[in-house]
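Subject: Structure handover

Hello,

Here is the structure I promised to pass on. Please open it alongside this email, and my notes follow below.

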Amino acid sequence: MRLRLLPTGRDLVCREAVELVTDYLEGALSRSARRRFERHLAGCPHCTEYLAQIEATIQLAGRVTPGDLTPEMQDDFIDLYRRWQAEQE
Ligand SMILES: [Zn+2]
C-alpha cells in the first residue's frame, strides 16, 4: 500500500489536508497521518465541508475514481479557501 509521507512536527495546513482527503477516504494514510488529518478537520470547518462534499460525490459515483476527484475540485476548494483567508485579513 502506498503511504503518503508528511512533513512532521507541525499541524497540517488546509492545502495539505485537501490533498489528503482522497487518501484518507481510501484508507491509504498512515496512522499518524490519519490522526493529523482528523485533528486538522476537528478545528477546520472549511476542510470538514470539503470532506463532506467529497463523500457526497463518492456516494453518487459509488466509488472513488481518479477522474471524479480531480485536480479541479481541489483547485476550486483552494480558491475558495484563499478567498476566506483574504476576507479574514
Ligand atoms: Zn483546513
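At what angle do the axes of α1 and α2 cross, and within what distance do they come? They cross at roughly 120° and come within 10 Å. Please keep in mind that this is a predicted model.

**Overall make-up**

The protein chain has 4 helices and 0 strands. Along the sequence the pattern reads α-α-α-α. The chain counts 89 residues, and 36% of them are buried.

**How the helices pack**

A word on the terms first. Two packed helices are described by the angle between their axes and the distance between the axes.

Back to α1 and α2. An angle of roughly 120° falls outside the 65 to 115 degrees of a roughly perpendicular pair, and it is not over 145, so the pair is not roughly antiparallel either. The two helices are therefore oblique to each other. The crossing of α1 past α2 is left-handed.

Now take α1 with α3, which covers residues 45–61. Their axes also come within 10 Å, but the crossing angle is roughly 30°. That makes α1 roughly parallel to α3, because angles under 35 degrees count as such. Here α1 passes α3 in a right-handed crossing.

**The zinc site**

Which residues coordinate the zinc ion? There are three cysteines and one histidine: C14, C44 and C47 each through SG, and H40 through NE2. The distances run from 2.0 to 2.3 Å. Along the chain, the donors follow the spacing C-x25-H-x3-C-x2-C. One pair links distant parts of the chain: C14 sits in helix α1 (residues 14–26) and H40 in helix α2 (residues 31–42), 26 residues apart.

Why is the arrangement called tetrahedral? The 4 donor atoms subtend angles of 102 to 113° around the zinc ion. Four donors count as tetrahedral if all angles lie between 85 and 135 degrees, so this site qualifies.

**Are the zinc ligands buried or exposed?**

Buried means under 20% relative accessible area. The values for the cysteines are:

- C14 has 8% relative accessibility, so it counts as buried.
- C44 has 7%, so it is buried too.
- C47 has 2%, so it is buried as well.

H40 is also buried.

You may want to know about cysteine cross-links. A disulfide is a covalent bond between the sulfur atoms of two cysteines. A search of the whole structure finds 0 disulfides.

**Two contacts across the sequence**

C47 is found in helix α3. Its C-alpha atom is separated by 9.9 Å from that of V13, and the two residues are 34 residues apart along the chain.

E55 lies in helix α3. From C-alpha to C-alpha, E55 and V21 are 9.5 Å apart in space, and they are 34 residues apart in sequence. Is E55 buried, exposed or in between? With a relative accessible area of 35%, E55 is partly exposed.

Best wishes

Technical notes. Residues are numbered from 1 along each chain as its sequence is written. This is a predicted model: local features need pLDDT of at least 70, side-chain atom pairs count only at pLDDT 80 or more; totals for chains, interfaces and linings use all residues. Side-chain values use heavy atoms; hydrogens and water are left out. Donors are N, O and S atoms within 2.8 Å of the metal (3.2 Å for Na, K and Ca); water is not among the atoms, so sites may look incomplete. Four donors count as tetrahedral if all angles lie between 85 and 135 degrees; four count as square planar and six as octahedral if opposite donors are over 155 degrees apart and all others between 65 and 115; anything else is irregular. Buried means under 20% relative accessible area, exposed over 50%, partly exposed in between (1.4 Å probe, protein chains only). A disulfide is a pair of cysteine sulfur atoms within 2.5 Å. Axes are lines fitted to C-alpha atoms, for helices over the stretch in contact, and angles run from 0 to 180 degrees between N-to-C directions. A crossing is left-handed if the near helix is turned anticlockwise from the far one by less than a right angle, and right-handed if clockwise.
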